[in-house]
Amino acid sequence: MSSNVSRSPSLHRIGKNTRAQQPPIVRLLNLTKRYEEGAVSHAILHTVNAEMLEGDFVVLLGKSGSGKSTLLNLIGGIDVPSDGEIWVRDTCLTRLNEHALTLFRRDNIGFIFQFFNLIPTLTVLENITLPYELRGRGRREGEKAARALLDRVKLADRANTYPDRLSGGEQQRVALARALVHEPQLILADEPTGNLDEETGETVLALLLELTRDMGKTLIMATHNPEVVAYADVIYHIHEGKLVSEQDSAIATDATSTSARG
Ligand code: ADP
Ligand code: MG
């Protein structure tokens, strides 16, 4: 099973040459998500099976409407599947009631959205501190952690500003800090550079990768940005309800020399 499929340069840079030893952090077992519209039932994800490993940077690709956001929302406990199981480490999300799922989210997940989703009536510092406080920890410590992260995203001087005074790139940098402040196990990013110009997107992406790597976090990102692929440890394509890893498709292509795709 140790096929040496050529991986992104980031692997060497972060020195992750022992991927086989990384335990899975996310396991999807026969995961199915259907939406009912009138009499028609539409399976967005259909008996998906996959494992994502601790510390990896996992990229989800797929055209608009393929189910990238749906999958992230399922893994993050925002949405519930129609069938199958989702495990995050030792927790089976599909066995949790709504209250337990909310607590799970607060403790374990950091979300980053395309449109930042900062709370307009809170200052930058308050926005970042909020997840820490929701996790039941003290405000003083929360502010300390928030200020340290604000420094990392180079916005230390904007702590008392409100989000609407910030540019898109700055708002997303605040959102990165907010996603990480409570030290969640899993960072889920849904097209985090989708609403930014190219240069700003690159800055945000570099910061996000640097922070998640330094903190040893697992990052799962849905994106259209082809530049991201170069940094990924694992790339999945969502296509017609299935999740296909680039490694699987490479092996499948190798195995069938008569493959129509050549
Ligand atoms: P992506 O993020 O890849 O663009 P989404 O996960 O947002 O795709 O959506 C996948 C599909 O599910 C789309 O066809 C979308 O229209 C459909 N969908 C999403 N939410 C709902 C819903 N609440 N009811 C019905 N269909 C939905
Ligand atoms: Mg989406």
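Let me start with the ligand. Of the shell around ligand 1, the largest share comes from helix H2, which gives three residues. Bear in mind throughout that this is a predicted model.

Which residues surround ligand 1? They are Tyr35, Glu37, Ile44, Gly62, Ser64, Gly65, Ser66, Gly67, Lys68, Ser69 and Thr70. Two elements give two or more residues to that shell: strand S1, residues 24-37, and helix H2, residues 68-75. By residue type, the shell around ligand 1 holds seven polar residues, two charged and two nonpolar.

Now the sheet that S1 belongs to. Four strands make an open sheet, in the order S2-S1-S4-S5, and the pairing is antiparallel. Its edge strands are S2, residues 40-53, and S5, residues 91-92, each of which pairs on one side only. At the S5 end, strand S4, residues 83-88, pairs with S5 in the antiparallel sense over two bridges. If you want a spot to look at there, find tryptophan 87, which stands opposite cysteine 92 in S5. Helix H2, the one from the ligand shell, lies across S1, S2 and S4, and runs at about 125° to S1.

On to the other sheet. This one is also open, and six strands form it in the order S6-S7-S8-S3-S9-S10, with mixed pairing. Strand S6, residues 109-112, and strand S10, residues 242-245, are the edges, and each pairs on one side only. From one strand to the next, the twist averages 20°.

Inside that sheet, look at strand S7, residues 186-190, and strand S8, residues 218-222. How do S7 and S8 run, parallel or antiparallel? They run parallel, and five bridges join them. Alanine 189 stands opposite methionine 221 in S8. A helix covers part of this sheet as well: H6, residues 168-180, lies across S6 and S7, at about 170° to S6.

That brings us to how the helices pack. Helix H4 is a useful reference, since we can take two partners in turn.

Take H6 as the first partner. The axes of H4 and H6 come within 7 Å and cross at roughly 30°. Therefore H4 and H6 are roughly parallel to each other. Their crossing is right-handed. On the H4 side the contact uses Val124, Asn127, Ile128 and Pro131, and these meet Val174, Ala177 and Arg178 in H6. Sorted by type, the contact of H4 with H6 has five nonpolar residues, one polar and one charged.

The second partner is H5. Helix H4, residues 124-134, packs against helix H5, residues 139-152, at an angle of about 125°, and their axes are 8 Å apart. Why do we call H4 oblique to H5? Because of that angle, H4 counts as oblique to H5. H4 passes H5 in a right-handed crossing. From H4, the residues in contact are Leu125, Ile128, Thr129, Tyr132 and Glu133. From H5, they are Arg139, Gly142, Glu143, Ala145, Ala146, Leu149 and Leu150. The contact of H4 with H5 divides into seven nonpolar residues, three charged and two polar.

One residue to remember is Ile128 of H4, as it is part of the contact with H5 and also meets H6.

To recap the sheets: the one with S1 is antiparallel, while the one with S7 and S8 is mixed. That is everything I have.

Note on methods
Residues are numbered from 1 along each chain as its sequence is written. Chains are lettered from A and ligands numbered from 1 in the order in which they are written. This is a predicted model: local features need pLDDT of at least 70, side-chain atom pairs count only at pLDDT 80 or more; totals for chains, interfaces and linings use all residues. A residue is near a molecule or strand if its C-beta atom, placed from the backbone, lies within 6 Å of it. Ala, Val, Leu, Ile, Met, Phe, Trp, Tyr, Cys and Pro count as nonpolar, Asp, Glu, Lys and Arg as charged, and the others, Gly among them, as polar. Axes are lines fitted to C-alpha atoms, for helices over the stretch in contact, and angles run from 0 to 180 degrees between N-to-C directions. Angles under 35 degrees count as roughly parallel, over 145 as roughly antiparallel, 65 to 115 as roughly perpendicular and the rest as oblique. A crossing is left-handed if the near helix is turned anticlockwise from the far one by less than a right angle, and right-handed if clockwise. Two residues are in contact if their C-beta atoms, placed from the backbone, lie within 7 Å. Two strands pair if DSSP finds at least two bridges between them.
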